[in-house]
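I opened my notebook for a fresh look at this one. Here is what I wanted to look up, in the order I went.

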Amino acid sequence: MTRNILILDTTLRDGEQSPGFSMASSEKLSITRELLRLKVDIIEAGFPASSPGDFASVQKIVEYVGSKAVVCALARALPGDIEAAGTALAQAERARIHTGLGVSPCHLKDKLQMSPEDALNSAIKAVKLARTYTDDVQFYAEDAGRAERSYLARVLTEVLKAGATTVNVPDTTGYLLPQQYAELISWLMAHVEGIDKATVAVHCHNDLGMATASSIAGVAAGASQVECTINGIGERAGNAALEEVVMALDLHHKELGVSTNIRKDELTRASRLIAAITGMSVPANKAVVGSNAFAHSSGIHQDGVLKCRSTYEIIDPVSVGARASQIVLTVRSGRAALKHRLGELGYTPDPASFNQIYDRFLDIADKKNQIYDEDLEVLMAEHGRALEALWKLKILQVSCGSPLKATATIVLEGPNGEECDTCASGTGPIDATFKAIDALVAVPQAELLRFAIQAVTRGSDALGEVSVQLSNEQGQIFSGRGADGDIIVSSAKAYLNALNRLLGSTDSSLDTRSNK
Ligand code: KIV
Ligand code: ZN
């Protein structure tokens, strides 16, 4: 039999509690809209007693949600808090009050400064009062992870008798190991009277990075509600991340015998919305929603993923609303990845050309972090130009600066494969380079008409693409382009490309335009 696990999203309450994460009312409504698209079962909308603003935004959320989800409001086990929650939820079609107090020795002694007996009575009274506002009352036993078991069981038994319908067992400080938390849930299932008729909720914090693992362990032990936040935002190290919990339950639904109502394909959108609203970007390596979650960079992984996605992916990115698996081209990428991406861009070079292209790719990738499609387009254009070139650039070295005189030393390969070299000086490194090329490729009266540089992609390591225009003595115009991570090299390549076209222009109508 499959158990349906309820998802209580507390992004708007526990998430908003984290420092610097407070949200405007309009932002809370945008998040509510997304939570409805996700189809979360319960939206914990806020803590109405905490401020008039929170009270008003719970009311607005109630109005917005209608009957589409349960709207829950937090209240400490204090009459004022419960009245505020009940009033803020008054118009809700499906209202839940979430009340409770600390139950661990240090919460009782140091925070509440109450005896265990007094705390138990307050808990019972709180639940009874909450029941006067709604039939749906959830009780939280704060810091249950560090509570004395027999006392915890007693409190939960009594609040269930008082009318609570859900009992929440928070590991408030994220202290327990997943197996310890699972064991606690199992123990409570066996020792709390009436728990079989209630919903048991898990609420885990991430202080040791185990909030998701503990939540799943709690479900395996019998809990049927998970409390979580989008991107795992929340107090200190945060709460269990909704996207992680949902995907773990989904991938392991058979062994766990569970299902959820969540629309997985909304997970990426929800994550981006929260990141945009809180200004807290998601780490690239974050599970499920990080920008690298489906990116493959090493050659071995790329080869595997291209042969069969599941070799290195357990989640289909499209199923969580992300872009299909990305093959990130870097210096670690293998031939298979480059061939695949070139194919997607419409290039199918023959094997000999591909080898040259791959060498050039490695050359560029060595200097750049990542190779983008625009870089590949330039690389392919460069390759085409190199094939038709009479004169090829072999070595270029420039020295320049202030107050240095710019000089360029150049080695070219000529039309018959011979190498020749020279050096020249000029007003700057590009002028010196062009003069050195002119000295080797003697083209009478070639005039430089236009010279322009532009970056191909982003970042200071971007390829620079240079375009030049030359005219010959008849006034015909020849264009040239060159690209490289070094703009002096790009300039030399572009200049040579234009000269090669000029020299090869037996039928000038093919490559040139007349300016007359
Ligand atoms: O972490 C916690 O114990 C809580 C309760 C208020 C449910 O957030
Ligand atoms: Zn919490």
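My entries below cover the metal site, the ligand beside it and the nonpolar cores.

**Entry 1, the model.** I noted at the outset that this is a predicted model.

**Entry 2, zinc.** Which protein residues act as donors to the zinc ion (ligand 2)? I found Asp-14 (OD), His-203 (NE2) and His-205 (NE2), at 2.0 to 2.1 Å from the ion. Along the chain, I read the spacing of these donors as D-x188-H-x1-H. Next I asked whether the histidines are buried or exposed. With buried meaning under 20% relative accessible area, His-203 counts as buried because its value is 4%. His-205 is buried too, at 6%.

**Entry 3, ligand 1.** I listed the residues around ligand 1, and the zinc donors Asp-14, His-203 and His-205 are among them. The list also includes Arg-13, His-98, Tyr-140, Glu-142 and Asn-168. Then I looked up polar side-chain atoms beside oxygen atoms of ligand 1: Thr-172 has one at 2.7 Å, Asp-14 at 3.0 Å and His-203 at 3.1 Å.

**Entry 4, cores.** Which members of the largest nonpolar core touch the most others? Of its 94 residues, they are Phe-139 and Leu-156. Helix H7 (residues 149-162) contributes the most, eight residues. Domain 1 (3-278) and domain 2 (299-386) both supply residues, so this core lies between them. I followed Leu-156 outward and found contacts with Phe-139, Ala-141, Val-167, Val-169, Leu-188 and Val-192, leaving aside residues up to four places away in sequence. Another core, of 29 residues, lies apart from this one and includes Trp-391, Val-441, Leu-496 and Leu-502.

Terms used: Residues numbered from 1 in each chain as written. Chains lettered and ligands numbered in written order. Predicted model: local features only at pLDDT ≥ 70, side-chain atom pairs only at ≥ 80, totals over all residues. Heavy atoms only, no water. Core = buried A, V, L, I, M, F, W, Y, C linked by side-chain atoms within 4.5 Å. Buried < 20%, exposed > 50% of the residue type's maximum accessible area, 1.4 Å probe, protein only. Helix = DSSP H or I, 4+ residues; strand = E, 2+ residues; numbered from the N terminus. Domains from an automatic or database assignment. Contact = heavy atoms within 4.5 Å. Donors = N, O, S within 2.8 Å, 3.2 Å for Na, K, Ca; no water. Near = heavy atom within 4 Å. Polar contact = N/O pair within 3.5 Å; in protein donor to acceptor, adjacent residues only side chain to side chain.
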